[in-house]
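User: Could you take a close look at the salt bridges here and walk me through them?

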Amino acid sequence: MTAAAALGRRTPGRAESAGRRPRRAESVTGWAFVTPAAVIIGAFGAAPIVWSLVISFTNENELSSTSTRFTGLRNYRAMIHDPIVTQAIEHTLVYTALFVPGVMLVGLFLAVAMNRKLRFMWVYRTAAYATMAISTISEALVFIWLFDPSYGIVNYFFSLIGIPQQQFLNSPSEALYVIVTMTIWGWSGFAVVIYLAALQGIPQDLIEAAAIDGAGRWTTFRRITLPLLSPASLFLAVWLTINALQLFDEVYLSTMGGPLNATTVLVYYLWEQAFQFFKYGYASAIAYMLFIVILVVTAIQFRAGRRFTYYRS
Amino acid sequence: MTAAPATAVGGARAGGTGLARPTMAGPRRRLPFSPWHLVLIPATVVLLFPFIWLIITSIETPAEALRFPPDLTPHVIRLQNYPDAFAAEPFGRFFLNSTIVAITTVICNLVLCAAAGYAFARLRFLGRTALFVVMMATLMVPFQVTMIPQFLITKWVGVHLLAGAGIGHIGALIVPNAATAFGVFFLRQFFRTLPIEYEEAARVDGANRLAVLWRVVLPLSAPALATLAALTFLDSWNNFLWPLIVINSTSAMTLPLGLATFQGAHSTEWTLLMAGNVMSLAPMMIVFLIAQRYFVRSVAATGLTGT
């Protein structure tokens, strides 16, 4: 990016050819350049959007011997009456409601603490960033061990402060919270990077001006820093929510949706229906519902975000 | 940021925020180090603890791991867990598969997305806008919504087009991700910020579009290409759900899938599992630590494009 900035900026592209009809030679070149990517994205990105909608109106099933036919809204009706779908939505929303603010608060706190020149700062920052390099599966595997009911170290720490032994991932009332904990840890590095980048973009003169005007540290943070961070906060809220609604890996590895469906989230149920029971039709209906949930939640966030997001430029 | 005088570095004065703290803090509160260390050290311990405990368990004896209360330091260092884990599952194979898949995916993405991104940025061709809109629409749809048809298409491709890209082969992990709408969009945005004069000069000198892209545009785009490469690599390396669906044999598994399988087979042998876990996360951790600056900048870039 710096190279571009150094060379000076212009808005090109349009200037070159505005208002002209595409020339034939340029069309041929253009298509030659675009086609390979377009084929991949078309086949594995665009076509499946329509296809999965079509499948959701059929009884397509890998295992059944009857041929596939259209069944109208039957999958969608079945979904509404499926108690596990209701539970899965509930778990997904509870998870999201805890995970997203959790990561944002941890990330904000760490980023503010790390946004200064101190000795050993690189150690602190590297420790936070390192969580980004660990895969969801590695992360889940470590946390299953940390939270092991019989031999886990967390129960040992609990015993030191007088908390009785917990069942954690084996307990229907605790399992989801353990998954919240492990994923907050896993995403904290990401949030730190985003917030640190935003913090470093805040001009120091604003902060200093506030200090000269007699604003205390907390007031400056609340009135100056936080509003200036709001675009980053909105981005994080949206990004983390989209990822939270798609939670799968940690659930697959640590609980398989159990115990007693306590951690069955939407994507897990969708995967189970599609690739354990091979009910493609029904699973596609769930997939589309997930899509609509994500669209609605994201739209709400952007709308709410516009209210309190402050853009400097 | 003004450089704080050496005497004021300690105490309540913290350099980074540049808050000009009046001298009222007084000598009473002055510590020999910044109080932020008192916040950062515990936070770092919490962040690092899972890693530390992972490594400690991986060199314990099985009996020691299954002791409660646990010993915080192992009495015997048992490195044998590593060869044992290596013998139990072919981690070398998983590593090789992950590496092949990630590197091939990165190269394909750089080539295909650069070509498409350049065309969208600079060339006028029939259907450009429509095609671009369709591509961008796929960005809004989460993978889970399309994974069933993707699976069926991959199956079809394997049977009718290219066996190596079908179900059960690592090609199935590469081909569907060989180009992404994000990559096309990202590079198009970047190419549009480049000054067009160089390209025009090259055209005047008789260079064709491919030469312009290769000789003029791409050399100017190193930061953007590096960002896309880092993000694609991370995504590919850590992907789990898609390999879980399309890979069914141990020989074609990537590290996350191999590790999950390993966990399923040895669910109570914690020392073995943690040794396997260390082996599967170490390569990425090393790459990450070496190229930390690039990865961090790349991740920060997603935030900037998102806002």
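Analyst: Happy to; here is a tour of the charged pairs, one by one. This is a predicted model, in which local features need pLDDT of at least 70, side-chain atom pairs count only at pLDDT 80 or more, and totals for chains, interfaces and linings use all residues. Residues are numbered from 1 along each chain as its sequence is written, chains are lettered from A and ligands numbered from 1 in the order in which they are written, and side-chain values use heavy atoms, with hydrogens and water left out.

Over all chains, the structure holds three salt bridges (a side-chain nitrogen of Lys or Arg within 4 Å of a carboxyl oxygen of Asp or Glu). One of them pairs A:E26 with B:R209 at 3.9 Å, N to O. A:E26 sits in helix α3 (residues 24-56) of chain A and B:R209 in helix α10 (residues 209-220) of chain B, so this pair joins two chains; helices are DSSP runs of H or I, at least four residues, numbered from the N terminus. A:E26 is buried at 8% relative accessibility, and B:R209 is buried at 10% (buried means under 20% relative accessible area, exposed over 50%, partly exposed in between, with a 1.4 Å probe and protein chains only).

Within chain B, the side chains of B:R122 and B:E199 meet at 2.8 Å, N to O. B:R122 belongs to helix α4 (residues 91-122) and B:E199 to helix α9 (residues 197-204), so the bridge ties together parts 77 residues apart in sequence. Both B:R122 and B:E199 are buried.

Finally, B:D84 bridges to B:R78, with the closest N and O atoms 3.6 Å apart. Here B:D84 is partly exposed at 28%, and B:R78 is partly exposed at 25%.
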